[in-house]
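Visitor: I'd like to learn how to read a helical model like a local. Could you walk me through it, one feature at a time?

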Amino acid sequence: MDSKAYIESGILETYVLGMCNADEAREVEAMCNQYPEVKAELTVIQEAINGYAAAHSKAPKASTKEYILNEIAALEE
């Protein structure tokens with residue numbers, strides 16, 4: 001498969017989202033090592049997804065930490 005078709009296949013997005021199986025992940029990493037344009041596209045996708053996540057993130061309520069710690073303490077009892 002040529003690098004353009006590989007980029008267009010959607011596998012890079014799947015990889016960035018952590019949805020690849022082990023064989024697919026190894027394949028993506030090998031393609032990145034072999035083709036600089038695949039590595040460059042992977043970087044663009046990672047930055048876009050990270051940017052989207054940062055733009056849409058929300059800080060948890062202040063009470064969330066206390067709630068979680070209380071739940072953990074209850075499990076330990």
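Visitor: Let's begin with contacts: which residues does Ser3 touch, leaving aside those up to four places away in sequence?

Guide: A contact here means heavy atoms within 4.5 Å. By that test Ser3 touches Tyr35, Glu37 and Val38. Ser3 lies in helix α1, and its C-alpha is 9.2 Å from that of Pro36, 33 residues apart along the chain. Before going on, some ground rules: this is a predicted model, where local features need pLDDT of at least 70 and side-chain atom pairs count only at pLDDT 80 or more, while totals for chains, interfaces and linings use all residues. Residues are numbered from 1 along each chain as its sequence is written, and side-chain values use heavy atoms, leaving out hydrogens and water.

Visitor: Is Ser3 buried or exposed?

Guide: Buried is under 20% relative accessible area, exposed is over 50%, and partly exposed is in between (1.4 Å probe, protein chains only). Ser3 has 12% relative accessibility, so Ser3 counts as buried.

Visitor: How do I read a helix such as α4, and what span does it reach?

Guide: Helices are DSSP runs (H or I, at least four residues), numbered from the N terminus. The expected span is 1.5 Å times one less than the number of residues. Helix α4 covers residues 36–56, 21 in number, and reaches 30 Å from its first C-alpha to its last, close to the expected 30 Å.

Visitor: And which residues of α4 are buried?

Guide: Those are Val38, Leu42 and Ile45. Looking down the axis of α4, they fall within an arc of 65 degrees, so they line one face of the helix; the arc is that of the directions from the helix axis to the C-beta atoms. The buried residues pack against α1 (3–8), α2 (11–16) and α3 (22–34). On the other side of α4 you'll find exposed residues, namely Pro36, Glu47, Asn50, Ala54 and Ala55. Take Asn50: with 52% relative accessibility, Asn50 counts as exposed. Asn50 and Tyr15 are 35 residues apart in sequence, and their C-alpha atoms are 14 Å apart in space.

Visitor: What does α3 pack against through its buried residues?

Guide: The partners are α1, α2 and α4. The buried residues of α3 are Ala25, Val28, Met31 and Cys32. Seen down the axis of α3, they sit within an arc of 125 degrees, so they line one face. The face turned away carries exposed Asp23, Asn33 and Gln34. As for span, the 13 residues of α3 should cover 18 Å, and the end C-alpha atoms are indeed 18 Å apart.

Visitor: How many salt bridges are there?

Guide: The rule asks for a side-chain nitrogen of Lys or Arg within 4 Å of a carboxyl oxygen of Asp or Glu. That gives two. One joins Glu8 and Lys4 (3.3 Å, N to O); they are four residues apart in helix α1, so about one helical turn separates them. Both Glu8 and Lys4 are exposed. Another joins Arg26 and Asp23 (2.3 Å, N to O), three residues apart in α3, again about one helical turn.

Visitor: Last one: which residues form the nonpolar patch on the surface?

Guide: Patches take residues with over 30% relative accessible area and no salt bridge, joining like charges within 9 Å and nonpolar side chains (Val, Leu, Ile, Met, Phe, Trp, Tyr) within 5 Å. Here Tyr67, Ile68, Leu69 and Ile72 form one, with about 400 Å² of accessible area together (Shrake-Rupley method, 1.4 Å probe, only the protein chains shown counting as cover for residues). Ile68 is found in helix α5 (residues 63–76) and, at 44% relative accessibility, counts as partly exposed.

Methods. Helices (H or I, at least four residues) and strands (E, at least two) are DSSP runs, numbered from the N terminus.
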